Amino acid sequence: MTRIILKKGREDSLRRFHPWVFSGAIAQIVGEPAEGDIVAVFAQDGSFLAYGHYQIGSIAVRILSFSGEDVLGPDFWTNMISRARNVRIATGLDSGSGETNCYRLVHGEGDGLPGLIIDYYDGVCVMQAHSVGMFRAKSAICEALKKVYGDSLKAVYDKSSGTAPFKAGLDLVDGYLFKAEGFTDDEQVVLENGNRFYVNWTEGQKTGFFLDQRENRNLVGRYSKGRNVLNLFCYTGGFSVYSLAHGAVHVDSVDSSRKAMDMVTRNMILNGFDESIHSEYCADAIEFLHDVPEDKYDLMIVDPPAFAKHRGALNNALRAYQRLNAAAISKVAPGGLVFTFSCSQVVDKEAFALAVFSAAAQTGRSVRILDRLNQPADHSVNIYHPEGEYLKGLLLYVE
Ligand code: SAH
């Protein structure tokens with residue numbers, strides 16, 4: 001096996017269980033690893049540190065194990081996936097209660113599996129490999145899912161074509177790794193806190209549904225009774241359905257994706273809401289907001305896509321969050337609520353709060369923070385890898 005020897009002093013972060021080795025920390029590579037191979041990492045003094053997936057790039061090794069050779073053993077994937085499932089059982093998400101039957105099963109570093117995302121939709125597992133190692137391990141991962149879920153597993157779909165590193169020359173074609181006998185669909189209805197949603201993993205964005213807003217959708221529901229709601233960047237209408245289920249007077253949903261809006265229409269019908277209480281707009285959210293009359297809405301949801309995908313885009317992203325939030329805060333009715341989010345990993349919660357504070361100041365209105373919002377438990381954060389925290393939000397009360 002290839003040995004990666006670190007420069008003197010560069011082992012500290014691994015000793016604190018941070019799961020990445022940056023290429024600049026490497027003194028020597030003993031062997032000729034292919035991308036995605038498992039390599040062993042050593043300190044300069046020769047002491048063993050960890051095993052991980054090797055890749056060419058700024059993150060050269062993604063750590064899978066800080067202990068012995070378990071990563072090479074036949075039960076590694078089954079153990080890791082079963083541990084991840086146990087967390088979802090402990091949090092009540094995998095309880096068989098019938099209220100919720102979809103959750104994130106594997107959240108990369110948060111579950112000790114850097115480079116791997118698996119979302120679970122009532123028996124269908126949709127995986128996205130973000131590293132060469134995880135992409136190459138997909139059959140082993142699929143076998144492990146079969147063992148962990150047994151007969152209740154309906155399908156495993158690999159959707160890595162948009163996430164795995166394209167430079168590595170992999171054969172990036174999405175498709176099923178497993179289908180139980182008789183399972184033929186590319187979509188199904190899932191339950192989230194008793195609300196029903198179509199999820200289409202082949203046509204939808206990411207793995208098909210934004211599971212990370214589950215708890216925040218509940219909170220929006222709690223505040224929705226009697227309100228006129230504007231759901232900006234609504235995707236398939238998650239927040240809209242919760243608002244209406246909790247007694248909103250009317251909800252307008254806006255997204256620039258035609259496919260997403262078609263799904264909103266279907267989700268409304270699925271939950272029994274008709275056109276008298278819900279309107280759909282396939283439009284640019286910022287232009288839409290520009291034309292919104294003041295005082296029309298007393299609850300707004302602002303959940304844009306990640307404005308900054310890397311550090312270099314940080315300043316532009318902060319300005320974009322500020323502009324968008326200033327527009328929302330200026331338009332919401334007196335006594336109104338704004339649920340505002342950022343899912344950019346490089347924008348931390350302090351920076352986001354600052355952008356929103358500046359936005360509020362720009363409008364001159366009196367604004368209180370009623371709540372600070374996060375990603376839910378199944379989007380687990382490894383305490384040694386704080387970078388895993390990405391979703392943040394604020395609930396604002398605007399006078
Ligand atoms: N709130 C959603 C998730 C939002 S993801 C939920 O709960 O499921 C971000 C969404 O923003 C995507 O659906 C994308 O199509 C949409 N989007 C991106 N740019 C946009 C724009 N300029 N105007 C409106 N929608 C946009």
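This is a short dialogue on reading a ligand site and the strands beside it in a predicted model.

Colleague: Before we start, what should I keep in mind about the model and its numbering?

Modeller: The model is predicted, so local features need pLDDT of at least 70 and side-chain atom pairs count only at pLDDT 80 or more, while totals for chains, interfaces and linings use all residues. Residues are numbered from 1 along each chain as its sequence is written, and side-chain values use heavy atoms, with hydrogens and water left out.

Colleague: Which residues are the closest to the ligand?

Modeller: A residue is near a molecule if one of its heavy atoms lies within 4 Å of it. Here 15 residues surround the ligand, and the closest are Arg217, Asp255, Asp284, Ala285 and Asp303. By class, that shell holds eight nonpolar, three polar and four charged residues; Asp, Glu, Lys and Arg count as charged, Ala, Val, Leu, Ile, Met, Phe, Trp, Tyr, Cys and Pro as nonpolar, and the others, Gly among them, as polar.

Colleague: Which atoms of the ligand lie close to side chains of Asp255 and Asp303?

Modeller: A polar contact is a pair of N or O atoms within 3.5 Å; within protein, one must be able to donate a hydrogen and the other to accept it, and residues adjacent in sequence count only if both atoms are side-chain atoms. An N or O atom in the side chain of Asp255 is 2.7 Å from a ligand oxygen atom, and one in the side chain of Asp303 is 2.7 Å from a ligand nitrogen atom. The ligand exposes 580 Å² taken alone, and the protein buries 88% of that (Shrake-Rupley areas, 1.4 Å probe; for residues, only the protein chains shown count as cover).

Colleague: Is strand β15 buried or exposed?

Modeller: Buried means under 20% relative accessible area, exposed over 50%, and partly exposed in between (1.4 Å probe, protein chains only). Strands (E, at least two residues) and helices (H or I, at least four) are DSSP runs numbered from the N terminus. In β15, residues 250-255, six of six residues are buried. One face carries His250, Asp252 and Val254, the other Val251, Ser253 and Asp255.

Colleague: How many bridges join β15 to β16?

Modeller: Two strands pair if DSSP finds at least two bridges between them. Five bridges join β15 to β16 (residues 278-282), and the two run parallel; Asp252 has Ser279 as its bridge partner. Five bridges also join β14 (residues 228-232) to β15, again parallel, with Val229 opposite Val251.
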